[in-house]
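User: I would like to learn how to read helix packing and pocket linings in a model of this kind. Could you take me through it step by step?

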Amino acid sequence: MAGPGIIELDVFFDFLCPFVYRASVLLENVARSESRRLRVNWRYFSLTQVNSKDDGWTVWAAPAGERVRGRLAFRAAEAARRQDAFEPLRTAMLLARHRDRLDIDDDEVVDRVAAEAGLDLHRFRTDMADPAILERLAADHTEAVTALGVFGTPTFVFANGESAYVRLSSPIEAPEADEVFERLVSVASLEPSILEIKRPRKPSPD
């Protein structure tokens, strides 16, 4: 395994994606260890947007009264950022969705998650209602698609420009996280000649 060092990377994510949750657990466990120092910049990518067949429609410009899958969580994350609480809220939202199986498109659920993450709820709700709250989502998603070719989540983009869409079979806990991450980096960041590895699905026994 490589010695201690800093790895900087952007991770494009959508709260709804189970593979994002698994990657988040991996990265958090690596960050807690002494094998690597990570600087992770979590950036938005809307799966609802990328899967939309409606030309001209966007998640961020759709009317406020329209129920748009996944949008509320992005609003919540940006409102939390204004209280310097993006990371606690991001973690709490992923746990709510993927561990506790809660509906993060529900206002009451999001309020409860925000309160448990220590946010000022009055300010949180005020910021959530700001028409400009989704500007970062629009900018991140647009750059991801037009400049980086991102198509799904999570996508890791390393400081050297290499990137990889990563699907883990399960959340990787310590101490395995360090070794799994090193192998991931060695292929995704340091071996650009490998464009894709996809495991065949074995047929189920009769």
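Analyst: This is a predicted model, and a good place to begin is helix H8, whose buried residues pack against strand E1 (6-13), helix H1 (18-32), strand E2 (37-44), strand E3 (155-158) and strand E4 (163-165).

User: Which residues of H8 are buried?

Analyst: The general idea is that an α-helix has 3.6 residues a turn, so residues three or four places apart point the same way. In H8 the buried residues are Ala 177, Asp 178, Val 180, Phe 181, Glu 182, Leu 184, Val 185 and Ala 188.

User: What should helix H8 span, at 1.5 Å a residue?

Analyst: Because each residue counts for 1.5 Å, the 13 residues of H8 (residues 176-188) should span 18 Å, and the end C-alpha atoms lie 18 Å apart, in agreement. The same reasoning gives 21 Å for the 15 residues of H1, where the end C-alpha atoms are 22 Å apart, which also agrees.

User: What covers the buried residues of H1?

Analyst: The buried residues of H1, among them Phe 19, Tyr 21, Leu 26 and Asn 29, have a cover that includes E1, E2, helix H4 (86-98), E3 and H8.

User: How do the lining residues of the second largest pocket divide into nonpolar, polar and charged?

Analyst: That pocket, with a volume of about 310 Å³, has a lining of five nonpolar, no polar and seven charged residues, including Arg 67, Arg 71, Asp 105 and Met 128. Helix H3 (residues 71-81) gives the most to this lining, with three residues.

How values were computed: Residues numbered from 1 in each chain as written. Predicted model: local features only at pLDDT ≥ 70, side-chain atom pairs only at ≥ 80, totals over all residues. Heavy atoms only, no water. 1 Å grid on protein atoms, 1.4 Å probe; cavity = no way out; pocket = protein on both sides within 12 Å on 5 of 7 lines; lining within 4 Å. Points joined across faces, edges and corners; volume = space filled by probe spheres on them. Helix = DSSP H or I, 4+ residues; strand = E, 2+ residues; numbered from the N terminus. Nonpolar A, V, L, I, M, F, W, Y, C, P; charged D, E, K, R; others polar. Expected span 1.5 Å × (residues − 1). Buried < 20%, exposed > 50% of the residue type's maximum accessible area, 1.4 Å probe, protein only. Contact = heavy atoms within 4.5 Å.
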